[in-house]
Every structure is written in C-alpha cells, then in structure tokens.
Amino acid sequence: MAGVLLLSAADVRAVFDLPAAIASQREAFGALGRGEARLAPRVLLDGPGGEVAFSYVSRLPGAGAVAKFGSVTPGNAARGLPTVAALVTVQDPVDGRPVAIIEGDSVTTLRTSAASAVAADHLAVRGASRLAVVGCGVQGRAHVRAMAAVRPIREVAIACRHPATCTAASELARELELPVEPAASARAAVRGAQIVVTATTSAEPVVLGAWLEPGCTVVSVGSFAPDREEVDGEVLARAASAVVDDVTTALEHAGPVVAAVRAGSLDPARLRPLGPVVAGLAAGRGSDDEIVFYNSVGLGVQDAAAAAVIVERARAAGAGTPVEL
C-alpha cells in the first residue's frame, strides 16, 4: 500500500492554526446540525488510575471516514507527559484505503478549544469580556487563546491547583497582551465572569452553580465521561439552556448530564444539540440574562473536519512523510 502520509505533531502545528481550527469546527457542527454528517457511537474503555481509552469514527459529506483512537491518562501529569495521546487515521473517500495517519494530541488540543470557541460564539452574550478558566494545563491555556478569538476578552482569571507555582497566567498575558491573572481559587476566578471554562479531569465539581452571575455561559470540556463532573447540579438547575455537542452521546457520557438525569433533576428533553444552533436552525440563547451551560464530550465529526483541513494543507505545503504500509 503506497501513499500514506504520516503527519507528526510538528507537521500539524505547521499547517493547522487557530483560525483554521475554528473554521473546521464551524463546518463540523454545521454539518451535524443539517443532518449531513455520519457519527458512529463513541466508545470509552476505563482503565486503572482513572485512565480512559477512547475511539471515535465519523464521516463528513464527500470525505472518507476518519477514526481517532487514544487515551486520557491523568497520571501522566506527574510523569511530565501529556495526559492525552492519540492517533487519527483518514480514509480515501472512494476506495477506503488509509491516506493519512496524524499525531492526534495536537489535533485534539486545537480542535477542542476551537469547538468551545464556536460554542461560545453562539451561546455567550455578544459583549462578553470577562473570562474565567479553571484548569491551567494544555486545554486551559488553549481555551484562553480560543475565547479571545471570538469575544472581546479584556479580563482573564485562571484557577490552578497549585497557584503559587503556576506560570500559565504570566505566560498567556505576555503572549496575548491581555491582563491574565492567577486566581486564588475557582470561586474567585468565576466571580463576575461572563464566560466560564472548566478544563480539568476532575471527578468532583470545581464550579458551583451558586457562584454564577446572570448571563454567564459555562463551557465544560473535562466532563467527557460519566465519572467526570466538573460542575454541580445547581449549574444545570440554574441554566435556562443545557446545550451538548450531541444529545445521544451526552446522555451516556457527559458526567453532569448523566448525574442530573439519574437524580431526576434534568429532563432529557431539555437537552439541546449545538449543531442546529451553529447551522442557524435554532437560537443560542433567549436573553442576555440567561445562564447557559454547554457540555462538550468530543465527537468524531470534530476530528473529521480538522483532519480534512490538515491533510489538504499538508499536501499543499509538502509537509509530512509519505510511507508505504
């Protein structure tokens, strides 16, 4: 078999920037909202120490199927290793043969934050300028950059597990030329925020609904499995709108949603998919005073949209390494 393009993390970073990532995620959720994307059931496999292996498969119109297989290993943080590792494979749309194998962590980091930015662009109040991020790892930092791309962010507060030694705030402040401040606690970070992002691997709530201001939009990206609950039930109870990337997937995998449905405090019929909102078929929010909650667990269609852009740009730039398998 010839012509399989291997793309390293460096190759991905060379051809896939934040504007391209955001555009790809608009395409992904727009296609999903119009009923054009094919999405296989998401697979999670628990492991020791909170490890989760995952697998996604999906297809966008006119493109070959894309599969991602990887893992989330919280213990890697103590080892000095990324907590997410993955590979993305891309098939030819005509003959089904693999045409590319892509390092997946670099794809996941950018497409996840870009998708959150797309969600915030449709769900957050237009003038939202105060951002709180709970979690200062790779995703937390990526979300500061992504939110600043879709809203006029003027104040950022970051809550870290170890605020005394965290350098995320100062590094992002220099990079983005924004006032990014470390917060003494998650509660302190959330105070007065119009957009709140939780980007942790916590199994217990790190943001409580009682802390939220009217008009706040909460974006949870670490509640990707039934045992991950970054927000408490009061967040969903106070939310006028509970939006998810995919309703069927969220009912099985989104921790806060699973817990609220199990407790009888959330009617599954209240859940709204993001796709129709992005496609212009549904409104994002009813008023500027509403609290809106968005839970992202991650979908294969996001990887499919990102991979399409990456492969096209890599071919045009001559990036990557062609191999025979």
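How many bridges join strand S8 to strand S11, and do the two run parallel or antiparallel? Hi everyone, let's start there. Strand S8, residues 130-134, is joined to strand S11, residues 195-198, by 4 bridges, and the two strands run parallel. You can find one spot along this pair by looking for Leu131, which stands opposite Ile195 in S11. Please keep in mind that what we are looking at is a predicted model.

For anyone new to sheets, a quick reminder: strands of a sheet pair through backbone hydrogen bonds, and the pairing is either parallel or antiparallel.

Now let's zoom out. S8 and S11 sit next to each other in an open sheet of 8 strands, and the order is S10-S9-S8-S11-S12-S15-S13-S14, with parallel pairing. At the edges we find strand S10 (180-183) and strand S14 (271-273), and each of these pairs on one side only. If you ignore direction, neighbouring strands in this sheet are turned by 20° against each other on average.

A helix joins the picture too. Helix H6, residues 168-176, packs on the sheet, where it touches strand S9 (155-159) and S10. The direction of H6 makes about 170° with that of S10.

Let's move on to the charged side chains. There are 11 salt bridges in the structure, and I picked three to show you.

My opening example is Asp303 with Lys68, whose side chains meet at 3.0 Å, N to O. Asp303 belongs to helix H12 (residues 300-317) and Lys68 to strand S5 (residues 66-72), so this salt bridge ties together parts that are 235 residues apart in sequence. Are these two residues buried or exposed? Asp303 counts as buried, at 1% relative accessibility, and Lys68 is buried as well, with a relative accessible area of 2%.

Next, have a look at Asp95 and Arg97. They form a salt bridge in which the closest N and O atoms are 3.2 Å apart. Here Asp95 is partly exposed, with a relative accessible area of 43%, and Arg97 is partly exposed at 42%.

The last pair is Arg126 and Asp121, with side chains meeting in a salt bridge at 3.7 Å, N to O. This one is mixed: Arg126 is exposed, with a relative accessible area of 58%, while Asp121 counts as buried at 15%. Which residues are linked with them in a network of salt bridges? The network links Arg26, Asp121, Arg126 and Arg151.

That's my tour, so thanks for listening!

Conventions:
Residues numbered from 1 in each chain as written. Predicted model: local features only at pLDDT ≥ 70, side-chain atom pairs only at ≥ 80, totals over all residues. Heavy atoms only, no water. Salt bridge = Lys/Arg side-chain N within 4 Å of Asp/Glu carboxyl O. Buried < 20%, exposed > 50% of the residue type's maximum accessible area, 1.4 Å probe, protein only. Pairing = 2+ DSSP bridges. Axes fitted to C-alpha atoms, helices over the stretch in contact; angles between N-to-C directions. Contact = heavy atoms within 4.5 Å.
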